[in-house]
Amino acid sequence: MTTKESSGAAGVCPVTFVDRVDGVDGVDAAKPVIGLDLRDPDFAKHNYDIYDELRDSCPVAWSTEGDGFWFLTAYAPVYDATKNDDTFISSEGAGIDKRPEGTGDTMAIPIETDPPDTVLYRKITIGKFSPKNAAVLEPEIRRMANELIDEFIESGEGDLVKQLSTPLPARTIMRMLGMDESRWPEWVSWIHTFVHGQGPAKMQAMQQLLVEITTEIRTRQHAGEAGDDLLAAIMTGRIHDRPLSESEQLRYVLLMLLGGMDTTSGLTGNSLERIATDPDLRRKLVQRRDLLRPATEEFLRHGTPTQGLGRMVSKDVEFYGQRMKAGDRVMLMWAAANRDPAEFPDPDRIDIERHPNRHMAFGVGLHRCLGSNLARTMFQVMIDEILNRLPDFELTIDAVPRFDNAGNVYAPTAFPVRFTPGDRMYPPSSE
Amino acid sequence: MRVHVQPDQCAGHTLCNLAAPEIFGLDDEGHVLLLVEGELPADLESAARAAVATCPERALVIDE
C-alpha cells in the first residue's frame, strides 16, 4: 500500500489518499483518509470550512477517529445514502459511534429503527406533528413566546437563547406530553448533558432521563385515564398488532424530548445571528413578514442545527468509488450537503426567496424529521415576535458561543442582546 | 400538463404545498394530497413546475 499527500494537506482538514492495491473489480479510486474528530471544539469552530474543503476533494472520506467513520459532505452521496435504507441502516444507532454490545434496548424510536418498522412507529404520533396540529397549537405557542418576551421586554436587554429559544420548545414538547412544564430547566439540563456531554456524566444523564420518563409513564398508568395527548398516543400505540412495550414507550418519549429541544433553539439562534449581522436581511424580514415562511427553509439550509446523523453499512458495497464494508459507520452531513454549490448556487449567501430549495435540514426519506412542522411553527412564532417587539435588537458580544461538539447539534448556548425597551403584553404572573 | 405523485415517495416536506397550494394539498399526516386530477389549467402550470422542482424527495412528476 502506498500513500501520497493531497493538496488539501495545508488546509483545515488534511487528507491522505491511500492508493488501493487490491483493485479486483475495476474500482480504482484512492481512499481519502482524514483524522476528523466531530467532538473536537475545533470542528465546531471550522465546520463549514472543513465541509467546503472535503466536498471539493473527497466528498466520501474515511475518518480514522474513534471507531472510524465515513464522512459524506456533497449533496448527491448524502441524498443517495439516505434514500437507501437497506444498505445504510439506522437500527445500529444514529450517532457517530458504533452501538456498544448489548445495548439494543437503548435505541431511540423511531429514529434508530429500520423499515418496515420505522413507518409503523411513526404512524403512532405523526398526527400530533401534522401541519394541521401545528396550526392548532400556534396560538398557545405565540402566547408562550410573548409571555417569555414579557420577562425582559421592559429592561431593554435579555438573552434570546436562554430566555426564549431554550424554554419555548422545551415547554411546548413537555406540554404536548402532559408533563409538568415548570420543571423545564431540569429537563433541559439532563438533555444537554446527554446530548453534548461525554463519559460518566453523559451516562448519568441518560439514566436520570430514563428514570424520570419511566415515572411519567407509570404515573399516567396509575391515573387510569390515558387522555389524548402525545404521551397517551405513545402509551396506547401499537405495532404489528401488539401494544408498545414499556421500553419502547420510554425510548419513544426520550426521542420526543431530544428532538424537541436543542434543534429548534439551534435553528433560532443560528438565524438570529444572521439577522443581527445583516441589516438588509433584517429590513427585508421586518417589512415583508410574508417572506418568513420561505425564509424558514433558507435558514434551515444555511444554519442547519442537526449537522449530520449516522448510519451503519449493512453489507459490503461500492459507493461513489469507495469500498464500504459491512459494519462501517457513516456520517451523513446534512449541513455540508446544504452548502453544496452543485445544488445551491452561491450557497453561503442567505436568499430568503431561494427557489428551488431542496435542503436536507430535516433529512430526507423515511426518517425525515417527525417534528418538522412543529419546529417551523415554533421558529416562525419566535422570529415573528422578536421582529414585532424588539426589531432593533443588537447582539452585545462579538462571537456567539456554541456547544463545543457541533457533530451533534450546531446551536448557540447564549444570545445576549440590547434593544429599545417595550411594554409587557400580559400582566406579570402571580407565581 | 398533468402531475402525479410517485407512490410512497412523499416524506411530508410540505414544500409543494408552499409553492402551489391550489394543486398540492396536505392530508392529516402532512403528506401530499393531489387536488387537481387530470389536465391542469394553463394558469397553474408554472406553479406546478415550481412545486415539482422544489420537492426534496423528487416525488412529483410532470406528464406533459
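What follows is a guided reading of a predicted model, moving from the overall form of chain A to its helix packing, its contact with chain B and a few individual residues.

Chain A is built from 15 helices and 15 strands. Its radius of gyration is 22 Å, close to the 22 Å that the globule rule gives for 431 residues, so chain A is as compact as a globular protein of that length. Measured out along its principal axes, the C-alpha trace of chain A covers about 75 × 55 × 40 Å. Of the 431 residues in chain A, 45% are buried. The contacts within the chain also show how it is folded back on itself in sequence terms: among those between residues at least 6 apart in sequence, 68% join residues at least 24 apart.

Helix packing can be followed through three helices of chain A. Two packed helices are described by the angle between their axes and the distance between the axes. Helix H7 of chain A, residues 184–196, and helix H8 of chain A, residues 199–223, have axes that come within 8 Å and cross at roughly 135°. An angle over 115° but not over 145° falls in the oblique range, which is why H7(A) is described as oblique to H8(A). The crossing in which H7(A) passes H8(A) is left-handed. On the H7(A) side the residues that meet H8(A) are A:Trp190, A:Thr193 and A:Phe194, and their partners in H8(A) are A:Ala201, A:Lys202, A:Ala205, A:Met206, A:Gln208 and A:Leu209. Sorted by class, this contact of H7(A) with H8(A) comprises six nonpolar, two polar and one charged residues.

H8(A) also packs against helix H10 of chain A, residues 246–260, and here the axes come within 10 Å and cross at roughly 110°. That angle makes H8(A) roughly perpendicular to H10(A), and H8(A) passes H10(A) in a right-handed crossing. The residues of H8(A) that take part are A:Leu209, A:Leu210, A:Ile213, A:Thr214 and A:Ile217, which meet A:Glu246, A:Gln249, A:Leu250, A:Val253 and A:Leu254 in H10(A). By class, the contact of H8(A) with H10(A) has seven nonpolar, two polar and one charged residues. A:Leu209 appears in both contacts, facing H7(A) in one and H10(A) in the other.

The contact between the two chains draws 17 residues from chain A and 14 residues from chain B. On the side of chain A that touches chain B, helix H4 (131–153) and helix H13 (292–302) each supply at least two residues, and H13(A) gives the most, with three residues. By class, the residues on this side of chain A divide into six nonpolar, six polar and five charged.

Several single residues in loops repay a closer look. A:Leu36 lies in the loop between strand S3 (31–34) and helix H1 (41–57) of chain A, and because it has 23 C-beta neighbours inside 10 Å it counts as buried. Leaving aside its neighbours within four places in sequence, A:Leu36 is in contact with A:Cys13, A:Phe43, A:Ile50, A:Ser63, A:Glu65 and A:Phe71. A:Leu36 and A:Ala61, which are 25 residues apart in sequence, have C-alpha atoms 9.9 Å apart in space.

Two cis peptide bonds are found in chain A. One runs from A:Ile109 to A:Pro110, with omega near 0°, and the other joins A:Pro115 and A:Pro116, with omega about 5°. A:Pro110 is in the loop between strand S6 (88–89) and helix H3 (117–123) of chain A, and A:Pro116 likewise lies in the loop between S6 and H3.

A positive phi in a residue that is not a glycine is found in each chain. A:His240, with a phi of about 50°, is in the loop between strand S8 (238–239) and strand S9 (242–243) of chain A; it counts as exposed because it has 7 C-beta neighbours inside 10 Å. B:Thr14, with a phi of about 70°, lies in the loop between strand S1 (2–5) and helix H1 (15–19) of chain B, but with 20 C-beta neighbours inside 10 Å B:Thr14 counts as buried. Also in chain B, B:Asp27 sits in the loop between strand S2 (24–26) and strand S3 (32–34) and is partly exposed, with 13 other C-beta atoms within 10 Å.

Definitions and conventions: Residues are numbered from 1 along each chain as its sequence is written. Chains are lettered from A and ligands numbered from 1 in the order in which they are written. This is a predicted model: local features need pLDDT of at least 70, side-chain atom pairs count only at pLDDT 80 or more; totals for chains, interfaces and linings use all residues. Helices (H or I, at least four residues) and strands (E, at least two) are DSSP runs, numbered from the N terminus. The radius of gyration is taken over C-alpha atoms; the globule rule is 2.2 Å times the number of residues to the power 0.38. A residue is buried if 20 or more other C-beta atoms lie within 10 Å of its own, exposed if 12 or fewer, and partly exposed in between; C-beta atoms are placed from the backbone. Two residues are in contact if their C-beta atoms, placed from the backbone, lie within 7 Å. Axes are lines fitted to C-alpha atoms, for helices over the stretch in contact, and angles run from 0 to 180 degrees between N-to-C directions. Angles under 35 degrees count as roughly parallel, over 145 as roughly antiparallel, 65 to 115 as roughly perpendicular and the rest as oblique. A crossing is left-handed if the near helix is turned anticlockwise from the far one by less than a right angle, and right-handed if clockwise. Ala, Val, Leu, Ile, Met, Phe, Trp, Tyr, Cys and Pro count as nonpolar, Asp, Glu, Lys and Arg as charged, and the others, Gly among them, as polar.
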